[in-house]
Amino acid sequence: QVQLVESGGGLVQAGGSLRLSCAASGRTFSSYAMGWFRQAPGKERAMVAAITATGSLTSYGESVKDRFIISRDNAKNSMYLQMNNLKPEDTAVYYCARAPSWFLTTSLSEYKYWGQGTQVTVSS
């Protein structure tokens, strides 16, 4: 059974920073690519960033490039999202998810395991 638990969300002013964490259960975390997604009210869930199993390759959504950094620590079964220069439009529930293999994918439909989400609210 795969369990993913996000933490680190909260309320921050525009221009501020937050660091999200995703803790994964099980001994196979290092074998799978992972991703961060977000869903704002009334909008579809969208990819924020993804990372390969080893962390050697990353991909970002256009709206967060140069502001967000995805990383992982396989020894700690954890993934992170450093969010800098936050904007009100970044307000959403952020989810971590596990890809079906080590290979990085940006397709939401391919992710089968999801966390419960953590709320990020950016005030103007």
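**A guided tour from strand E11**

Select Leu 11 and Thr 121: Thr 121, in E11, is the bridge partner of Leu 11. The structure is a predicted model, in which local features need pLDDT of at least 70, side-chain atom pairs count only at pLDDT 80 or more, and totals for chains, interfaces and linings use all residues. Residues are numbered from 1 along each chain as its sequence is written, and side-chain values use heavy atoms, with hydrogens and water left out.

Next, extend the selection to strand E2 (residues 10–13) and E11, which pair in the parallel sense over four bridges. Strands (E, at least two residues) and helices (H or I, at least four) are DSSP runs numbered from the N terminus, and two strands pair if DSSP finds at least two bridges between them.

Add strand E9 (residues 92–98), which runs antiparallel to E11 and is joined to E11 by three bridges. Within this pairing, Thr 118 of E11 has Tyr 94 opposite.

Now display the side chains of E11 (residues 118–123), which alternate along the strand. Thr 118, Val 120 and Val 122 point to one face and are buried, whereas Gln 119, Thr 121 and Ser 123 point to the other face and are not buried. Buried denotes under 20% relative accessible area, exposed over 50%, and partly exposed the range in between, with a 1.4 Å probe and protein chains only.

Move to Thr 52, in the loop between strand E5 (46–51) and strand E6 (58–60). Thr 52 counts as buried because its relative accessibility is 7%. Neighbours within four places in sequence aside, Thr 52 is in contact (heavy atoms within 4.5 Å) with Ala 33, Leu 57, Arg 72, Trp 102 and Leu 104. To place Ser 71, draw a C-alpha to C-alpha distance from Thr 52: the two residues are 9.6 Å apart in space and 19 residues apart in sequence.

Finally, select the whole protein chain, which has zero helices and 11 strands. Its C-alpha atoms fill a box of roughly 40 × 25 × 25 Å along the principal axes. The radius of gyration is 13 Å, which agrees with the value near 14 Å for a compact globule of 124 residues; the radius is taken over C-alpha atoms, and the globule rule is 2.2 Å times the number of residues to the power 0.38. Of the 124 residues, 44% count as buried. Among contacts between residues at least 6 apart in sequence, 59% join residues at least 24 apart.
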